[in-house]
Amino acid sequence: MNVLIIPGYGDRQDYIDRTTRNWDKRYGIKPQVYVFGWNGEANSYEEKWQRFDEKLQQLHKTAIIGISAGASVAVRALQEHPDEITKVITVCGPVHADKMNPRTLHNRFPVLERSLEHLSLKGLEAKRVMTVRPMYDQLVPIDAMVIDGAQDVRLRMVRHIPSVLLGIFGYGKTMSNFIKEQS
């Protein structure tokens, strides 16, 4: 089974590679990191999405883990390719633009703003989604991470970066079990 991990802003791959390097032996899945390219002009979002969409079309039956901003891409992939995307896991990721500070979104995260514009949760098959979120996040409001009907994993952690790290490092088994279970 294919598993893609999409990092958030900063496109940091190094910590994901280190954290998931033994997942094939431990959990029976070997994720591949896909760097979306969050840095750059907001108007380049469509090009970034098109590249990702082409990658998805090369794979069959893929699960996606979207970290932080990567959550919006993962959920959109499920919406647009429901027959090919088996599961989606969001780790500390926003999926509701209306729950984010619009000024911060526009000024600090313009590509994420564009990504969230293309996201609608209407008709989303939420049982195929797991959200992993902290008790408090100073960057992404908790209610911006929630998807009604999704399996919700609540981390005993606060703050964005430590929660992302705990989610990836400490919940690999939980995530891999969710990815492997039948819908």
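1. Start with helix α7, residues 160–170: with four residues, this helix gives the most to the lining of the largest pocket. Keep in mind as you look around that this is a predicted model. The pocket itself holds about 320 Å³ of space. Its lining counts 19 residues, and the closest to the pocket's centre are Gly8, Tyr9, Ser68, His160 and Ile161. What sort of residues make up that lining? There are 14 nonpolar ones, four polar ones and one charged one.

2. Just next door in the sequence, have a look at Arg159, which sits in the loop between β6 and α7. Its phi is positive, about 80°, even though Arg159 is not a glycine. That's worth a second glance because most residues other than glycine have a negative phi. Arg159 has a relative accessible area of 43%, so it counts as partly exposed.

3. Cys92 is another non-glycine residue with a positive phi, here about 55°. You'll find Cys92 in the loop between β4 (85–91) and α5 (102–108). Is Cys92 buried or exposed? Buried, because its relative accessibility is 0%.

4. Now for the charged pairs. Side chains of opposite charge can pair when their charged atoms come close. How many salt bridges does the structure hold? Seven. The next three points walk through some of them.

5. Arg133 and Asp152 make a salt bridge, with their closest N and O atoms 2.7 Å apart. Arg133 belongs to strand β5 and Asp152 to strand β6, so this pair ties together parts that are 19 residues apart in sequence. The two partners are covered to unlike degrees: Arg133 is buried, at 10% relative accessibility, whereas Asp152 is partly exposed, at 38%.

6. Salt bridges with shared partners also join Glu125, Lys127 and Arg128 into one network. Within that group, Arg128 pairs with Glu125, and the closest N and O atoms lie 2.8 Å apart. Arg128 is buried because its relative accessible area is 8%, while Glu125, with 33%, is partly exposed.

7. A more local pairing turns up in helix α6 (residues 110–117), which contains both Arg114 and Glu117. The two are three residues apart, about one turn of the helix. Their side chains meet in a salt bridge at 3.3 Å, N to O. Arg114 has a relative accessibility of 26%, so it counts as partly exposed.

8. Over on the surface, which residues form a nonpolar patch? Met135, Tyr136 and Val158 do, and together they have about 290 Å² of accessible area. Met135 is in the loop between β5 (129–133) and β6 (151–154). With 45% relative accessibility, Met135 counts as partly exposed.

9. One last stop is Asn43, in the loop between β2 (32–33) and α3 (45–58). Why does Asn43 count as exposed? Because its relative accessibility is 62%, and the cut-off for exposed is over 50%. If you want to place Asn43 relative to Asn101, the two are 58 residues apart in sequence and 20 Å apart in space, going from C-alpha to C-alpha.

Key: Residues numbered from 1 in each chain as written. Predicted model: local features only at pLDDT ≥ 70, side-chain atom pairs only at ≥ 80, totals over all residues. Heavy atoms only, no water. Patch = residues over 30% accessible without salt bridge, like charges linked within 9 Å, V, L, I, M, F, W, Y side chains within 5 Å. Areas by Shrake-Rupley, 256 points an atom, 1.4 Å probe, with all protein chains shown as cover. Salt bridge = Lys/Arg side-chain N within 4 Å of Asp/Glu carboxyl O. Buried < 20%, exposed > 50% of the residue type's maximum accessible area, 1.4 Å probe, protein only. 1 Å grid on protein atoms, 1.4 Å probe; cavity = no way out; pocket = protein on both sides within 12 Å on 5 of 7 lines; lining within 4 Å. Points joined across faces, edges and corners; volume = space filled by probe spheres on them. Nonpolar A, V, L, I, M, F, W, Y, C, P; charged D, E, K, R; others polar.
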